[in-house]
Amino acid sequence: MKKEVNGYYHIKYTGQQYPAREMISRSKEFYEYMDKRRSVREIDQKSVPKEIIENVIKTAATAPSGAHKQPWTFCAIADPVLKKKIREAAEKEEYESYNGRMSERWLNDLKPMATNWEKPFLEESPWLIVVCKRVYEMDENEKANNYYVNESVGIACGMLITAIHNAGLATLTHTPSPMNFLTKLLGRPENERAFLLLPVGYPKADALVPELSRKNLEEMAVFY
Ligand code: IYR
């Protein structure tokens, strides 16, 4: 079934539907599965098939985006030489951040996560995914800004993290600041900015994560 609207074809929506009881159990099971996701900072060197990385990137790119401009580029890095360069450049920035650029309050807030300027996972992870946002496209030599770029790319990153967890792999959101060294090292074009860096791999066998609790429904949801 096809219908023309504004001169563009619309096709039948084919999303799966379920009876209410099944929706309740599916949504609960999915919540419980996602509640096991944690930011893992100890990632094993064991290699991960490229096909999994391709699949999680394709999943992320199913995200909605402003005017369907899909304003993202996913840079997947397995090359050890490039990973080493990224680690060195990131640690240089992080060292400055942890030793002067971040406030006392910020450093104190990070104490439960036990983070510091050292980022071994940038070299040890079999894959790094650098998500870049495309701020504008070139339209007949004119800059054409994309719409809701941060929202669109942020949603895609959430779906990427979900897909990585679903595959049984571990990741963390790493945001070295400033991040412009990444676009340079990756040779990205002028219209792209690094948005988020995700190391991806198996968790180390003895990986630890901080003992944190999540807000309960009453604390974070309001029903009207
Ligand atoms: N970008 C730094 C610092 C950092 C900031 C926040 I907010 C975190 O939740 C975690 C770390 C780093 O990656 O270590």
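Helix α3, residues 80-101, lies across β3, β4 and β8, and runs at about 110° to β3. That's one piece of a predicted model whose chain has eight helices and eight strands. The C-alpha trace spans about 60 × 55 × 40 Å along its principal axes. Here's a quick tour of the sheet, the helices around it and the ligand site.

**The sheet**
- Four strands make up an open sheet in the order β3-β4-β8-β7, and the pairing is antiparallel.
- At the edges sit β3 (72-77) and β7 (170-171), each with pairing on one side only.
- Helix α2 (residues 50-60) packs on this sheet and touches β3, β4 (127-134) and β8. The direction of α2 makes about 25° with that of β4.
- Two bridges join β7 to β8 (residues 192-201), in the antiparallel sense.
- Across that pairing, Ala-170 stands opposite Gly-201 in β8.

**Helix α6**
- With 19 residues (149-167) at 1.5 Å a residue, α6 should span 27 Å, and its end C-alpha atoms are indeed 27 Å apart, so the expected and modelled spans agree.
- Plenty of side chains to look at here: Val-149, Ser-152, Val-153, Ala-156, Cys-157, Leu-160, Ile-161, Ala-163, Ile-164 and His-165 are buried in α6.
- The cover over those buried residues includes helices α1 (20-34) and α2, along with strands β3, β4, β7 and β8.
- Right after α6 comes Gly-168, which has a positive phi, near 95°.

**The ligand site**
- Around the ligand you'll find Glu-94, Tyr-98, Met-102, Trp-106, Leu-110, Lys-119, His-174 and Thr-175.
- Glu-94 puts a polar side-chain atom 3.0 Å from an oxygen atom of the ligand.
- His-174 also comes in through its side chain, with an N or O atom 3.0 Å from a ligand oxygen atom.
- Thr-175 uses its backbone instead: an N or O atom there lies 3.2 Å from a nitrogen atom of the ligand.

**The chain as a whole**
- Of the 224 residues in the chain, 34% are buried.
- Among contacts with a separation of 6 or more, 78% come from residues 24 or more positions apart.

Technical notes
Residues numbered from 1 in each chain as written. Predicted model: local features only at pLDDT ≥ 70, side-chain atom pairs only at ≥ 80, totals over all residues. Heavy atoms only, no water. Pairing = 2+ DSSP bridges. Contact = heavy atoms within 4.5 Å. Axes fitted to C-alpha atoms, helices over the stretch in contact; angles between N-to-C directions. Expected span 1.5 Å × (residues − 1). Buried < 20%, exposed > 50% of the residue type's maximum accessible area, 1.4 Å probe, protein only. Near = heavy atom within 4 Å. Polar contact = N/O pair within 3.5 Å; in protein donor to acceptor, adjacent residues only side chain to side chain.
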